[in-house]
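Reader: Could you walk me through how the strands here get their labels and partners? Keep it simple, please.

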Amino acid sequence: VLATAGSDMKVRLWDPEELKVLETYSAHTRPIRDLGWSPDGTLIYTGAEDGKILVFDLAAKKIIRELEFGNVNEQQGQDPAQSGVFRLAVSR
């Protein structure tokens with residue numbers, strides 16, 4: 001399975017051989033900036049400009065966790081347009 005995410009605020013799971021969309025998830029309210037897989041391939045993590053990290057359970061086909069960071073940069077006096085989650089990493 002291939003996963004993509006982007007400025008349309010959607011996560012898509014694809015069949016890489018047929019290049020067909022298998023599932024689409026919409027949950028973020030601003031563009032998604034990063035996506036990562038859990039080590040066992042059962043979860044997808046997304047980070048977006050809305051200041052959230054969402055955890056998608058692929059077997060359950062739903063979001064199982066939401067981490068809210070808010071507009072961290074606004075609190076530090078930086079440009080609000082640069083707020084949110086732009087990079088994430090997953091480890092065991």
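Reader: Which residue stands opposite Asp 15 in E3?

Author: Lys 20 does. This is a predicted model, where local features need pLDDT of at least 70, side-chain atom pairs count only at pLDDT 80 or more, and totals for chains, interfaces and linings use all residues. Residues are numbered from 1 along each chain as its sequence is written, and side-chain values use heavy atoms, with hydrogens and water left out.

Reader: What makes E2 and E3 a pair?

Author: Two strands pair if DSSP finds at least two bridges between them. E2 and E3 (residues 20–26) have six, in the antiparallel sense, so they pass that cut-off. A strand itself is a DSSP run of E with at least two residues, numbered from the N terminus.

Reader: How do you know that E1 pairs with E2?

Author: Same test! Four bridges join E1 (residues 2–5) to E2 (residues 10–15), antiparallel again, so the rule of at least two is met. One example is Ala 3, whose bridge partner in E2 is Leu 13.

Reader: What is special about phi at Met 9 and Leu 19?

Author: Both take a positive phi: Met 9 near 65° in the hairpin of E1 and E2, and Leu 19 near 55° in the hairpin of E2 and E3. Four residues lie between the strands in the E1 and E2 hairpin, and four in the E2 and E3 one.

Reader: Why are E4 and E7 called edge strands?

Author: The open sheet runs E4-E5-E6-E7 with antiparallel pairing. E4 (32–37) and E7 (62–68) each have a single partner strand, so one side of each has no neighbour in the sheet. For E4, five bridges lead to E5 (residues 43–48), with Asp 34 partnered by Gly 47.
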